[in-house]
Amino acid sequence: CAAAGARLGDELCGGLAPPDGGSDGVCFAIATATASGEAPPDGAGGPGGPGRAAAGASAEGGLGVEPADKRSPATFGGRFRQYVEASLRTEADERLASECFSALSALIADAAPHLGGQGWQLSPFGSVANGFGTTGADLDVTFVREGSHSERDAATAVYELQSRLQPLLKKNPRFAVVQEIFAAKVPILKLRFESCLEVDMSGHNHRALRNTRLLKAYSRMSPVLHDVVIAIKLWAKAAGVNGAAKGNLSSYAITLMVIYYLQVYPEVYLPCLPTQAFEHDRSLGWEDPLVQSAVQGWEDPGVSVCQLVSGFFDFYTTEFHWGSEVVSVRMGVRKSVACADFKKLPHHFIPRLHIEDPLETSRNLHCVLAPDREAALVTALQEAFYRTEIDVAPAGLRALWAEEGDVDEDNKAACEDEVPAPRPVGLVRAANAGQDPRRPQGATLVAPVR
C-alpha cells in the first residue's frame, strides 16, 4: 500500500520536488491557481475531464459567470439573497422545534430513574443546531449523561431507546414512533412530533455534538459561507445526491466539501479552525483563543455568493483530484491522499472520493457512499457546472435564474437543449486529462501561498 500510495502521490504532484527543496514530493501541498492567474499544468483535471484555470483566477469573472455588478437583477446574482432567505428556517420552524425539544427533555427527565439516576440531558445536533438549517429540516437530538464524554456501545443505546424511552413516547399523544433503526452503528428512533416534525433520536452521540459545534463556529465566520452552504445543500437535495440512508453523502459531508473548497479558493482562503478546540464536550469552541487567533485579521471576501456557488461546481468538476486528493477541513490545504497526514484514513489507497472527518481522522466519510451513487454525484456536479457556464440554473436553484420564479416552458426547453451532454462518468486520473484550450499557456505548478 505504501508503494502504491507513493506512485499515486508522484502522479498527482507531477513528480516535482516540494518548494523547500526537500525529498518528499508527495506531501507538499498540491498546486492551486494563484490570484495572479497562474493555473495548474496539464493533468489538473477532476472527475469530469481536463483541468482549467482555477475559479477566481481572473478579476473579470473566471468562475464561468459574470461578476455580480455586471449581471441582470433577474439572474443568479440579483435574486440569490432573496432565494436563500426564503429557504432559511422560519419562526414557525423554530417554535415547533423548541416545543418538541421541551417535550422530549421532560420525557428524558421522567426516564432518568430508569436510566441509572439523574444528570441526563437532551442535546440537539445537525443542521437545526449548526447554523446551516433550512426550513422543514428534521430535528436531530441525542441524550447524554452530564460529565460523560465517551461513546457507549450500540447495544446500550438500543436498550435505553427501546426499553426505557419508547414506552414513554408511545404514551405521549404528541409523538408517533415512525421507525426503529437499531441495527445501525448509531441506533436511531425515528419520531414524528405533532404529525409534522420529523425527529431522529439517538443516545450518547458525542461525536455528532462535537461535529455540530465545529460547523456552528464556521457558520459564524461569514454570511457568505453560510449562504454558499445553504445553496449547495438545496442543490444536493434537488439533484438527489444527499442522504446517507440512500447511499449518498450525508449533509455533514457535503458541508465539509463546501468549507474545504472555500479554504483553498485563492480569493477567499477561509481560515482553518483548530480542531482541538472542539474535541471535547467542554471544549471552549468558538471562544477558544486558538480559534480567535485563527480568524483574526480575516475578512469576508469581495466575491459574490453566486460566483462562489458556481465556483464550487467548477472546482469539483475541473480542479479537484478525485480519488487522490482529500477533502480535509482539518488541514485546509490541498494535499495528496498519500501524505503521512492521512495515514489513519481508511481505504485511502482506493481511487474514490475521500472526505476526512476533521474530529475523527480515522473516519472516511465516503463509507456511506455507494459506488453507483458516487457516479451519480460526479454526473450531478458536471451537469451543474455546465449549466452555470451558460447561465442556466442547476437542479434546486432554478428560481435564482428566473424572472418571476420559473422559466417559461419554451425558454426552459431551449436552455436545456443548450446544455452539453455529460462527459463519461468515471474517476479520471489527472495524468490522463487533456489540455483545456481556455487555460493560460505556460503556467507552472506552484504550492498555494497561505
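How far apart should the ends of α7 be, given 17 residues at 1.5 Å a residue? That one is settled in the first legend below; keep in mind throughout that this is a predicted model.

**Figure 1. Helix α7 from end to end.** The expected span for the 17 residues of α7 is 24 Å, and the C-alpha atoms at its two ends sit 24 Å apart, so expectation and model agree. Most of the helix is covered up, with 13 of the 17 residues buried. At the N-terminal end, Ser222 does the capping: one of its side-chain oxygens is 3.0 Å from the backbone nitrogen of Val224. Past the other end, just after α7, comes Gly240, whose phi is positive at about 70 degrees.

**Figure 2. The largest nonpolar core.** This core holds 66 residues, and the ones touching the most other members are Trp235, Phe312, Tyr316 and Leu353. Six helices each put in two or more residues, namely α6, α7 (223-239), α8 (251-264), α9 (289-295), α10 (305-319) and α11 (371-389). The biggest giver is α8, with 11 residues. There's also a second core, separate from this one, made of 27 residues; Ala111, Val128, Leu161 and Leu197 are among them.

**Figure 3. Arg207 and Glu360, a salt bridge between a helix and a strand.** The closest N and O atoms of Arg207 and Glu360 are 2.6 Å apart, and the two form a salt bridge. Arg207 belongs to helix α6 (residues 206-221) while Glu360 belongs to strand β8 (residues 360-364), so this pair ties together parts that are 153 residues apart in sequence. Are the two partners buried or partly exposed? Arg207 counts as buried, at 15% relative accessibility, whereas Glu360 is partly exposed at 24%.

**Figure 4. Glu99 and Arg174, part of a small network.** Here the side chains of Glu99 and Arg174 meet in a salt bridge, with 3.5 Å from N to O. Glu99 sits in helix α3 (residues 91-111), and Arg174 in the loop between α5 (154-171) and β3 (175-181), so the contact ties together parts 75 residues apart in sequence. Glu99 is partly exposed, with 36% relative accessibility, and Arg174 is partly exposed too, at 31%. The story doesn't stop with two residues: salt bridges with shared partners link Glu99, Arg174 and Glu194 into one network.

**Figure 5. Arg89 and Glu94, another of the salt bridges.** Arg89 pairs with Glu94, and their closest N and O atoms lie 2.9 Å apart. Arg89 has 17% relative accessibility and falls under the 20% cut-off, so Arg89 counts as buried. Glu94 has a relative accessible area of 38%, which makes it partly exposed. How many salt bridges turn up in a search of the whole structure? The search finds 11, including the one in this view.

**Figure 6. Where the predictor is less sure.** Averaged over the protein, the pLDDT is 74, and 68% of the residues reach at least 70. Residues 1-75 have a pLDDT below 50, yet this stretch makes 196 contacts in the model beyond near neighbours in sequence. Residues 401-450 are also below 50, with 107 contacts counted the same way.

Note on methods:
Residues numbered from 1 in each chain as written. Predicted model: local features only at pLDDT ≥ 70, side-chain atom pairs only at ≥ 80, totals over all residues. Heavy atoms only, no water. Salt bridge = Lys/Arg side-chain N within 4 Å of Asp/Glu carboxyl O. Buried < 20%, exposed > 50% of the residue type's maximum accessible area, 1.4 Å probe, protein only. Helix = DSSP H or I, 4+ residues; strand = E, 2+ residues; numbered from the N terminus. pLDDT = per-residue confidence, 0-100. Contact = heavy atoms within 4.5 Å. Core = buried A, V, L, I, M, F, W, Y, C linked by side-chain atoms within 4.5 Å. Expected span 1.5 Å × (residues − 1). Polar contact = N/O pair within 3.5 Å; in protein donor to acceptor, adjacent residues only side chain to side chain.
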